[in-house]
Amino acid sequence: MRALYFENHGDPSALIVGERPRPSPGKGEVLVRVHAASLNHLDLFVLRGLPGVPVELPHIGGADGAGTVAELGHGVEGWQPGDEVVLNPGLWCGRCEFCARGEESMCVSYGIVGEHVNGAFAEYVKVPAVSVAPKPPRLSWPEAAAFGLTFLTAWRMLMTRARLVSGETVLIHGIGGGVALAALAIAKRVGASVFVTSSSAEKLARAKALGADQVLDYTSCDVGREVRALTGKRGVDVVVETVGAATWMSSLRSAAKGGRIVTCGATSGPNPTEEIRLVFWNQISILGSTMGSLADWRAMSRAVDEWDLRPVLDSVLPLERGRDAYQRMVTGDQFGKIVLDVAGASSPPGQKGS
Ligand SMILES: [Zn+2]
């Protein structure tokens, strides 16, 4: 099968488009014929090599994908070849204390498709049958391939962890990234007032068009001070943190008394300057969040259907241009998700791919 893979860790020049053996589904697994897949920051980290997370080489990346069920492994029920599905990119054991509680993303052996096992940047991907879900009917193949990881992550951050409610204020750093845009879409539908930041006037204008209430250029203002000024010194109820070192202090300064800072990542670095006095004096809650549980997935996909949520697509490139896709992620110029069209998949929603 055609695949985008790497034999050695490195930058996007290490990527190869070529033939890899087609996987065969084992017990409880399904083989999905991939129509489209999308990139996440995670794919860059896996390409570069994560300390403590050894991957078997050669490796195929890609946590997010959508396609049709091609083959069922032994004992799989509830799916038929031809069913249109998306990957729920989590991998969990189903047996540990946390899985038993319904907290799959806390599983002691939690993994992610495309990180711990081969992913969706190929014509076929093999995943546990519990890690596929019905494709939202309204979404095109590229959209279906682009919402899973980011909407799941943003849903758990805002709804499950921060318990956002209508009328609250939310600050989202670095609008343009997949999780940030998913958080903007969800927060607006919940009825929150949303502040976003970027260094790009164009990204801020696009975020405004998507419903952002306040847009802040962090290169020309002190975000914490500006948020205070815009909220009558109060601050925001919830801060969505995906950036880490570069934004942590402004998150602390932007949070209202009793505010919640929810973090799912640290793309600019994991060891920020900290100010513990702000945490205790303002009684700020700092909440960690990773991916999402099955219950989070179900609630999120119901919202995608009922609220007609859609991921913002930056670009759709053929699998052959996978290196360019990764490179675009390196530059940070993207606004929305970078999608790989694996099987000439840009067909309208509801239409089966070739
Ligand atoms: Zn488990």
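Partly exposed here means a relative accessible area between the buried class, under 20%, and the exposed class, over 50%. D308, at 37% relative accessibility, therefore lands in that partly exposed class. Keep in mind that this is a predicted model. The briefing below looks at some of its 17 salt bridges, and then at a small open sheet made of three strands.

**The D308 and R310 pair**
- D308 shares a salt bridge with R310, and the N to O distance is 3.4 Å.
- R310 is partly exposed too, since its relative accessible area is 34%.
- This pair has company: R138, E143, D308 and R310 are joined into one network by salt bridges that share partners.

**The E71 and R22 pair**
- E71 and R22 bring their side chains together in a salt bridge, with 3.3 Å from N to O.
- Here distant parts of the chain get linked, as the two residues are 49 residues apart.
- E71 belongs to strand 5, which covers residues 64-72, while R22 sits in the loop between strand 2 (15-19) and strand 3 (29-38).
- As for accessibility, E71 comes in at 31%, so it counts as partly exposed.
- R22 has a relative accessibility of 44%, which makes this residue partly exposed.

**The D213 and K188 pair**
- D213 and K188 form a salt bridge through their side chains, at 2.8 Å from N to O.
- You'll find D213 in the loop between helix 6 (201-209) and strand 13 (214-217), and K188 in helix 5 (residues 178-190), so the salt bridge ties together parts of the chain that are 25 residues apart in sequence.
- D213 has 30% relative accessibility and so counts as partly exposed.
- K188 is partly exposed as well, with 27% for its relative accessible area.

**The three-stranded sheet**
- Going across this open sheet, the strand order is 2-1-4, and the pairing is antiparallel.
- Strand 2 and strand 4 (59-60) are the edge strands, each of them pairing on one side only.
- Strand 1 (residues 2-6) pairs with strand 2 over five bridges, in the antiparallel sense.
- If you want a spot to look at in the structure, try F6, which stands opposite L15 in strand 2.

Conventions:
Residues are numbered from 1 along each chain as its sequence is written. This is a predicted model: local features need pLDDT of at least 70, side-chain atom pairs count only at pLDDT 80 or more; totals for chains, interfaces and linings use all residues. Side-chain values use heavy atoms; hydrogens and water are left out. A salt bridge is a side-chain nitrogen of Lys or Arg within 4 Å of a carboxyl oxygen of Asp or Glu. Helices (H or I, at least four residues) and strands (E, at least two) are DSSP runs, numbered from the N terminus. Buried means under 20% relative accessible area, exposed over 50%, partly exposed in between (1.4 Å probe, protein chains only). Two strands pair if DSSP finds at least two bridges between them.
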